[in-house]
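Student: Could you take me on a close look at a single part of this structure, and show me how that part fits with what lies around it? I would enjoy one connected walk-through.

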Amino acid sequence: YMLPIGRIIRQHGINFHCYADDTQLYLSINPDEANPLHRLQACLEDIKTWMTLNFLLLNADKTEVIVFGPESLKKKLISQSLHLDGIKLISDNKVKNLGVIFDQDLSFKSHIKEVSRISFFHLRNIAKIRNILSRGDAEKLVHAFVTSRLDYCNSLLSGSPQTVVKSLQLIQNAAARVLMKMKKRDHISPILASLHWLPVKSRIEFKILLLTYKALNGQAPSYIRDLIVPYVPNRELRSQSAGLLVVPRISKIRMGGRSFSYQAPLLWNQLPVLVCEADTLSTFKARLKTFLFDKAYS
């Protein structure tokens, strides 16, 4: 039923993503409009009508709304709540999006707190049986239950305050200590280096740069490729063949410094030519990890 719903949403000029059991609508709103939420309201009503005619149910209880933007404008929009099937859709302070918790300020504090809670729960359980596990088996458990959570959608944290990265780094440090049976007072950097684990900050950079490489080589969706622009100087310069990208001007007050369109070229332009010019994805990943590893532990 995705195609008919997609046509309905497009008729209202709204962007959307469809997943197996979830449809997300994205709308940029001008609060100065007479009724800025009218398009969204009409779209939801048309979707509900189509679903009713096709013996489907649009569950208003599970429909969530979240507003991003400056505080003053958010309050203005939140006061104009939507109504669906007689139910008032109130803007939430946080919503879960494909396993990631988004808050209105995009601080991801709630998400970090949840990742920390689950990760330390698993680490405590692994620590209880660590003495009867081989190092290889223990490492598999750590990667399955902890590292996978640190890496999941971590590119969203690019450009975040150092406190956010530090919270996740504490989890990785604890995982390394459990795996290597180290004490809390032992210096952690040599342990991480011996395990060949990139620190959290470098793992985030790795993900952003990997997406950038895929976008430049036609292996990423068009909406990712459209966010990066190759640098073309006005006259012939040595930098013309360096594979640089345009770093856009941003407003850090409005969190522009955390966007992919800013972080991707900023990080890409710092890479050595040898890494940028890798001819295959596997070669790029190997060279990139070596570069970030040397940068983190040099």
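Tutor: Gladly; here is a tour of one helix, followed by the open and enclosed spaces around it.

Please keep in mind as you read that this is a predicted model. Our part is helix 8, which runs over residues 200-216. Let us begin with its length. At 1.5 Å a residue, its 17 residues should span 24 Å, and the end C-alpha atoms lie 25 Å apart, which agrees. Just beyond the helix comes Gly218, and its phi is positive, near 70 degrees.

Next, is helix 8 mostly enclosed or open to the outside? With buried taken as under 20% relative accessible area, 12 of its 17 residues are buried, so the rest of the structure largely encloses this helix. Going along the chain, the buried set begins with Val200, Ser202, Arg203, Ile204, Glu205 and Phe206. It goes on with Ile208, Leu209, Leu210, Thr212, Tyr213 and Ala215. As general background, an α-helix has 3.6 residues a turn, so residues three or four places apart point the same way.

What do these buried residues pack against? Their partners are helix 5 (135-151), helix 6 (162-180), helix 9 (222-225), helix 10 (260-268), helix 11 (273-276) and helix 12 (281-297). Two of those names, helix 5 and helix 12, will come back as we turn to the spaces.

The second largest pocket has a volume of about 290 Å³. Helix 5 and helix 8 are the elements that give two or more residues to its lining. Among the lining residues are Arg203, Phe206 and Lys207, and also His143, Thr147 and Asp151. Asn154, Gln172, His196, Trp197, Leu198 and Lys289 line this pocket too. By kind, the lining divides into 3 nonpolar, 5 polar and 4 charged residues. Notice that Arg203 and Phe206 are on the buried list of helix 8 and also on the pocket lining.

Now for the enclosed spaces: there are 2 cavities of 30 Å³ or more. Helix 8 takes part in the second largest cavity, whose volume is about 40 Å³. Here helix 8 and helix 12 each supply at least two residues of the lining, and helix 12 gives the most, with 3 residues. Glu205 and Leu209, both buried in helix 8, line this cavity along with Leu267, Gln270, Leu271, Phe291, Leu292 and Lys295. That lining divides into 5 nonpolar, 1 polar and 2 charged residues.

For comparison, about 60 Å³ of space lies in the largest cavity. The elements giving two or more residues to its lining are helix 4 (109-129) and helix 5, and helix 4 gives the most, with 3 residues. The lining includes His111, Ile112, Val115, Arg149 and Leu150. Its residues divide into 9 nonpolar, 2 polar and 1 charged. One residue to look for in both places is Asn154, which lines the largest cavity and the second largest pocket.

To put the picture together, helix 8 is largely enclosed, with 12 of 17 residues buried. Arg203, Phe206 and Lys207 are among the residues lining the second largest pocket, while Glu205 and Leu209 are among those lining the second largest cavity.

Definitions and conventions
Residues numbered from 1 in each chain as written. Predicted model: local features only at pLDDT ≥ 70, side-chain atom pairs only at ≥ 80, totals over all residues. Heavy atoms only, no water. Helix = DSSP H or I, 4+ residues; strand = E, 2+ residues; numbered from the N terminus. Expected span 1.5 Å × (residues − 1). Buried < 20%, exposed > 50% of the residue type's maximum accessible area, 1.4 Å probe, protein only. Contact = heavy atoms within 4.5 Å. 1 Å grid on protein atoms, 1.4 Å probe; cavity = no way out; pocket = protein on both sides within 12 Å on 5 of 7 lines; lining within 4 Å. Points joined across faces, edges and corners; volume = space filled by probe spheres on them. Nonpolar A, V, L, I, M, F, W, Y, C, P; charged D, E, K, R; others polar.
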